Amino acid sequence: MVQSVRLSARSNVQEELKQIRQHLLDEKEALLQSSSQLPPSLELEISVCEQALCKCAEGCYGYCDSCGESIELNRLKADPLVRYCLACSSRYKIE
Ligand SMILES: [Zn+2]
C-alpha cells in the first residue's frame with residue numbers, strides 16, 4: 001500500500017522534474033540569445049535536474065545522496081531537486 005502511494009507520488013514528481021528541466025532549458029535558450037554568459041547556478045540546476053530524471057528512470061529517485069534513506073515526500077514535493085533527507089541536510093547544513 002505504502003509502496004504504491006510512493007510510486008504514484010514518484011511519477012508525479014517525474015512529470016514535475018520534466019517540466020522543471022524544460023523550464024530551465026528554455027531559460028538557458030533565452031539567456032544564450034541575449035548573452036554568451038550563463039550563470040553557473042543555472043548550469044548546476046540543469047545538471048541536478050538531469051541527474052534526478054536519471055534516478056527516476058533507474059527507479060532510485062527519492063533516496064538521500066548521503067545516507068541512502070528515502071527522502072521525506074513533503075521535502076520532495078517542496079523541492080523535487082532535493083538530494084538529501086532532512087536528517088542529513090540538517091547535519092551538514094545543506095539544502
Ligand atoms: Zn540522508
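Start with the contact map of this predicted model. Take the contacts between residues at least 6 apart in sequence: 41% of them join residues at least 24 apart.

Next, color by secondary structure. The protein shows four helices and zero strands. Trace the chain from the N terminus, and the elements read α-α-α-α.

Now color by burial. The protein has 95 residues, and 14% of them count as buried.

Select the largest nonpolar core. Which residues make up this core? Pick Val13, Leu17 and Ile20, then add Cys49, Ala52 and Tyr61. Finish with Ile71, Leu76, Val82, Tyr84 and Cys85, for eleven residues in all.

Keep the core selected and show the helices behind it. Helix 1 spans 2-34 and helix 2 spans 40-58; each supplies at least two residues of this core. Which helix gives the most? Helix 1 does, with three residues.

Zoom in on Val13. What does this valine touch, leaving out residues up to four places away in sequence? Its partners are Leu76 and Pro80. Val13 and Leu76 both belong to the largest nonpolar core.

Last stop: select residues 61-92. An unreviewed UniProt entry lists this span as "domain: Zinc finger DksA/TraR C4-type". Pick the C-alpha atoms at the two ends of residues 61-92; they lie 21 Å apart. How much of the span is helix, and how much is strand? Helix takes 41% and strand 0%. Leave residues 61-92 selected and bring back the core: Tyr61, Ile71, Leu76, Val82, Tyr84 and Cys85 are among its members.

How values were computed: Residues are numbered from 1 along each chain as its sequence is written. This is a predicted model: local features need pLDDT of at least 70, side-chain atom pairs count only at pLDDT 80 or more; totals for chains, interfaces and linings use all residues. A nonpolar core is a set of buried Ala, Val, Leu, Ile, Met, Phe, Trp, Tyr and Cys residues joined through C-beta atoms within 7 Å. A residue is buried if 20 or more other C-beta atoms lie within 10 Å of its own, exposed if 12 or fewer, and partly exposed in between; C-beta atoms are placed from the backbone. Two residues are in contact if their C-beta atoms, placed from the backbone, lie within 7 Å. UniProt positions are given in the numbering used here, feature names are shortened, and annotations may be inferred rather than shown by experiment.
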